Amino acid sequence: MALLGCLGTILAALSLHSVSRSRSERAVETKAQIVQQAIDAELDRYRASLADVAAAVGAQTQLEAGEFAAIVAPVTQRRLPGAVGVSLVVPAATGDVSRVQAYWRRHGSTDLALHPRSDVDTHYFAVMTRRLDGATPRTGIDAAAAAPPVQALTTARTSRDIAVSPTYPLLGDADLPAGERQLSFIMAAPVFATSPPSAAGQFRGWIVLAFRGGDFLRTAIGQVAGKQANVELSDTGGEPVPVAVWDSGVRLDGAIAVQRRAVTAPQRTWELRIEATEDLVPATEERLDEAALVVGTVITLLLAALTSAIVTSRDRALRKVDQATRALRDDIGRREIVERKLRQREEELVAFAGVVAHDLRSPLANVSALAEVLAEETEDTLSAEHRQFLDRLRLSAARMSDLIDDLLAYAKADNVALRPEVIDLDAMVRDIAAERATGSGTVFAQDLPRVRGDRTLIRQVLDNLIGNGIKYTPPGRIPEVRVTSCPQNPGWCRIDVADRGIGVPEQQRRDIFEAFTRASGSEGFQGTGLGLAIVGRIVERHSGAVGVDANPGGGSRFWFTMPMADDRAPARAP
Ligand code: ADP
């Protein structure tokens, strides 16, 4: 998941990166186009101004200094930024220099002193100059001293059109400190006479605009480039030489490619070089991809951590459940083993008790019989005290016999094989009542059903309960035992044996079904504490339930449940 998340984040960051790159590229291209258009428009303005001046000068029949001053008056640095001066330049052969000087002195340039170079034949002298930068005009310098202006003058004259020179150090700056010197160039417009008509087409010289490259176009470029780009306009005739430079003062954005454009100056091609600064594309946009990468990675890592925490805690929980299940299974296994052993031991003990009880029976019968014989034969001879001893001996033997009977019944209730059959409970209860012969009106049976069970054992159950009902009636009160029934779950019925006896305290009603347990209050009644244990076992073996409640109006109400008989099977008489 972390891998997929990182992959997705990287892809998103890459696509954002490429989108932001192409946006940056488009932005710098647009910027380059705007700068180029601005330069083209400016150049057109310079060219138009120069052409106007040249035309005006050509229209003069006889150019005087005053007229020149008037013609070039509109030419200001504000109108043509970077231009340092406008001059009328005329050619002169070496032999003509003094004539030319005299001519222009006559026409207003009174102080003109021409300084021809000695190493050339054709000289080019500025005979009238208007400085635009406020400096004192310098006339008389021979422009032939530098090749670049000569090249522009020649081209302009031969092509009869405006020409721009290659860039060169300005002649007039030669004596300035090196730091203040600027690379410069000139723009020259040939002047052909248009007046008088007789002289029309006659070449008169050039109107030359001299520029300092550093200032040229600074305003125009600066306005459009601002802080978003550095611009360099270079003359590419040979080695690139800067014509104009705009430094935004802002750090360059190295990631964006440099834009190059060709700019057409009059009869020259310059190269425009535009470098984007960090202001061109806002840093926030540029770093969108990095931000996306960081945010995406962080989210991915968080999600991965969360998922792994959930998975590990789930695994841990599952492991704990497994451990607990294993422990429970082991526990249940151990319990089953212990229960089996206990059950086995209990069965052994019951069987053992049965055997012991059985073996005790005959010696006890002997003891009883001998005590009986002794009592008969010594009836007259025994003292009253010894007769009392003999009576107690017979009573103890009788009690022991009861105990042995109960023990045997208890053992039997657990071990004897069940032989289920249909039992008519009504008949069975009547029979028990008759057998007990407690007098009329003691045991009542009411519409008892036919049930299915082991006849001998069920009889033992009823006999025990009816017997207890009679036995636990306080002396002086006539016993009254009612056996009734009511339907239970489908196919089952509940048999109730209710008496008017001493009752069983509520908290002991469960315990009395345990072997050898007797309830408080029954001390005066003879018993072994095994009867109800036998009842419990027998009912349990028939899959029924057993219990005791208080009998409303006094006494106890013992009950047990039995499966109803399937009437197709015939009932056997008890
Ligand atoms: P016992 O031989 O003592 O009667 P049982 O197992 O039959 O042994 O009864 C257990 C005890 O339950 C009795 O000792 C007696 O305290 C109490 N009990 C049983 N039946 C009744 C009853 N019908 N009325 C009152 N108490 C009874």
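This section describes the two largest pockets and the cysteines of a predicted model.

The largest pocket has a volume of about 930 Å³. Its lining comprises 40 residues, and those nearest the pocket centre are Asn 464, Asn 468, Lys 471, Gly 527 and Gly 531. Two or more lining residues come from each of helix H8 (384-415), helix H9 (425-436), helix H10 (455-471), helix H11 (531-541) and strand E17 (556-563). Helix H10 makes the greatest contribution, with 9 residues. By residue class, the lining of the largest pocket consists of 17 polar, 12 nonpolar and 11 charged residues. The largest pocket lies between domain 2 (347-412) and domain 3 (418-563), because both domains give residues to its lining.

The second largest pocket encloses about 400 Å³ of space. It is lined by 19 residues, with Val 90, Tyr 103, Trp 104, Phe 203 and Arg 204 nearest its centre. Strand E1 (83-93), helix H3 (97-106) and strand E6 (203-212) each supply two or more residues to this lining, and helix H3 gives the most, with 4. The lining of the second largest pocket divides into 12 nonpolar, 5 polar and 2 charged residues.

The model contains 0 disulfides. The cysteine sulfur closest to that of Cys 486 belongs to Cys 493 and lies 8.1 Å away, which is too far for a bond, given that a disulfide requires sulfur atoms within 2.5 Å. Cys 493 likewise takes part in no disulfide, its nearest cysteine sulfur being that of Cys 486. Cys 486 is partly exposed, at a relative accessible area of 33%, whereas Cys 493 is buried, with 1% relative accessibility.

Conventions:
Residues are numbered from 1 along each chain as its sequence is written. This is a predicted model: local features need pLDDT of at least 70, side-chain atom pairs count only at pLDDT 80 or more; totals for chains, interfaces and linings use all residues. Side-chain values use heavy atoms; hydrogens and water are left out. Buried means under 20% relative accessible area, exposed over 50%, partly exposed in between (1.4 Å probe, protein chains only). On a 1 Å grid over the protein atoms alone, a cavity is a set of points where a 1.4 Å probe fits but cannot get out, and a pocket is an open set with protein on both sides within 12 Å along at least five of seven lines; lining residues have an atom within 4 Å of a point. Grid points are joined across faces, edges and corners, and a volume is the space filled by probe spheres set on the points. Ala, Val, Leu, Ile, Met, Phe, Trp, Tyr, Cys and Pro count as nonpolar, Asp, Glu, Lys and Arg as charged, and the others, Gly among them, as polar. Domain bounds come from an automatic or database domain assignment.
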